[in-house]
Amino acid sequence: MNGSFSLQEAIDSPLWPAVALALGLIVGSFANVCIHRLPLRQSVVKPRSRCPHCGAAISAWDNVPLLSYVVLGGRCRHCRAGISIRYPLVEATNGALYLGLAVQYGASVRALALMAFVTALLILSLIDLEHRILPNVITLPGIAVGLAASLRPGPPGPLSAAIGAAGGYLAFWAVAEAYRRTRGVEGLGQGDWKMTAMIGAFLGWDQMLLTVFIASVAGTLVGLALIAFWGGSGKSKIPLGTFLGLAGIAVTFVGEPVTAWYRGLLHG
Ligand SMILES: [Zn+2]
């Protein structure tokens, strides 16, 4: 880098973690709009957000991430109906993730790509939890962005990303089979393999496999716990996409040391 790359310059600053936190809160606010509107097939750009209770338009001042929720006491300014705690939680989570990526990956294009990635995973996790769908409008552009981001220098590299995206298909079959056997349910829809392909495109094939492994183990354990504590038929109460999303976010932060450790085991 000789300074001619303006994006690198813009993020190459001691303030980068603070900028990343602010960016994360703002994008988290937009993620809330996506989580609410994408399953309803509404535009995420317009119209302006409205109170779902009284329909009053929410002004920009009442839409500041985290702060507005605190100032308004978690209630609509007009009708005083409660605002879901999910909104500030998504904003705070996304802000914390961006701050963590800025610290771990520094001022880099990789950090920016992974910011887009974790926000996509957060949105997919929560939409799948509520609606049991994983919208193509997130997963398909996600695969493309992940593959494009792999072209810059450094891991995972384009070959690993391409194998990861294609391997998402195969991992899909493995997990579908495990789900069917251990839980007696068809736990996977078409959205799951596109989401797994997106994870492979961003993280490379080895960390994609790690993500799928963690998600299926966590999904099985939580499924068994739900049966043990609440009974029931073993029917999945939490969809796999939610586990894939949470596991993908975890692997984004710890995947490198874990896969290095695993490679060390293999090579004695
Ligand atoms: Zn209202």
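**Briefing: a zinc site, a pocket and the helices around them**

S68 is found in helix α3, and in this predicted model S68 counts as buried, because its relative accessibility is 6%, below the 20% that marks the limit for a buried residue. Along the chain S68 and A116 are 48 residues apart, and their C-alpha atoms are separated by 24 Å. The points below take up the zinc site, the largest pocket, two of the helices, and then some backbone details in the loops.

**The zinc site**

- The zinc ion is coordinated by the SG atoms of four cysteines, namely C51, C54, C76 and C79, at distances of 2.3 to 2.4 Å.
- The angles that the four donor atoms subtend around the zinc ion run from 104 to 114 degrees, and the arrangement is therefore tetrahedral, since four donors count as tetrahedral if all angles lie between 85 and 135 degrees.
- Read along the sequence, the donor residues of the zinc ion follow the spacing C-x2-C-x21-C-x2-C.
- C54 lies in the loop between α2 (16-37) and α3 (67-71), while C79 lies in the loop between α3 and α4 (86-105), so this pair ties together parts of the chain that are 25 residues apart in sequence.
- C54 counts as partly exposed, because its relative accessibility is 36%, and C79 also counts as partly exposed, with a relative accessibility of 28%.

**The largest pocket**

- The largest pocket holds about 900 Å³ of space.
- Its lining is made up of 38 residues, and those that lie nearest the centre of the pocket are S49, R50, I58, N63 and Y87.
- Helices α2, α3 and α4 each supply at least two residues of the lining of this pocket, and α2 gives the most, with six residues.
- When the lining residues of the largest pocket are divided by type, 18 are nonpolar, twelve are polar and eight are charged.

**Helix α5 and the residue after it**

- Helix α5 (109-131) has 23 residues, which at 1.5 Å a residue should span 33 Å, and because its end C-alpha atoms are 33 Å apart, the expected span and the model agree.
- The expected span here is 1.5 Å times one less than the number of residues in the helix.
- α5 is followed by R132, whose phi is positive, near 60 degrees, and this is a positive value in a residue other than glycine.
- R132 lies in the loop between α5 and α6, and R132 is partly exposed, because its relative accessible area is 44%.

**Helix α8 and its surroundings**

- Helix α8 (residues 190-203) has 14 residues and should span 20 Å at 1.5 Å a residue, which agrees with the 20 Å that separates its end C-alpha atoms.
- This helix, α8, is mostly covered, since 13 of its 14 residues are buried.
- G191 has its place in helix α8, and G191 counts as buried because its relative accessibility is 15%.
- G191 and I133 are 58 residues apart in sequence, yet in space they are 6.8 Å apart, taken from C-alpha to C-alpha.
- Just after α8 comes G204, which takes a positive phi of about 90 degrees.

**Backbone details in the loops**

- The peptide bond from K46 to P47 is cis, with omega near 0 degrees, and the place of P47 is in the loop between α2 and α3.
- A further cis peptide bond runs from P155 to P156, with omega near 5 degrees, and P156 has its place in the loop between α6 (136-149) and α7 (158-183).
- L66 lies in the loop between α2 and α3, and its phi is near 65 degrees, a positive value in a residue other than glycine.
- L66 counts as partly exposed, because its relative accessible area is 28%, and a value of this kind falls between the limits of 20% for buried and 50% for exposed.

Key. Residues numbered from 1 in each chain as written. Predicted model: local features only at pLDDT ≥ 70, side-chain atom pairs only at ≥ 80, totals over all residues. Heavy atoms only, no water. Donors = N, O, S within 2.8 Å, 3.2 Å for Na, K, Ca; no water. Tetrahedral: all angles 85-135°; square planar, octahedral: opposite > 155°, others 65-115°. Helix = DSSP H or I, 4+ residues; strand = E, 2+ residues; numbered from the N terminus. Buried < 20%, exposed > 50% of the residue type's maximum accessible area, 1.4 Å probe, protein only. 1 Å grid on protein atoms, 1.4 Å probe; cavity = no way out; pocket = protein on both sides within 12 Å on 5 of 7 lines; lining within 4 Å. Points joined across faces, edges and corners; volume = space filled by probe spheres on them. Nonpolar A, V, L, I, M, F, W, Y, C, P; charged D, E, K, R; others polar.
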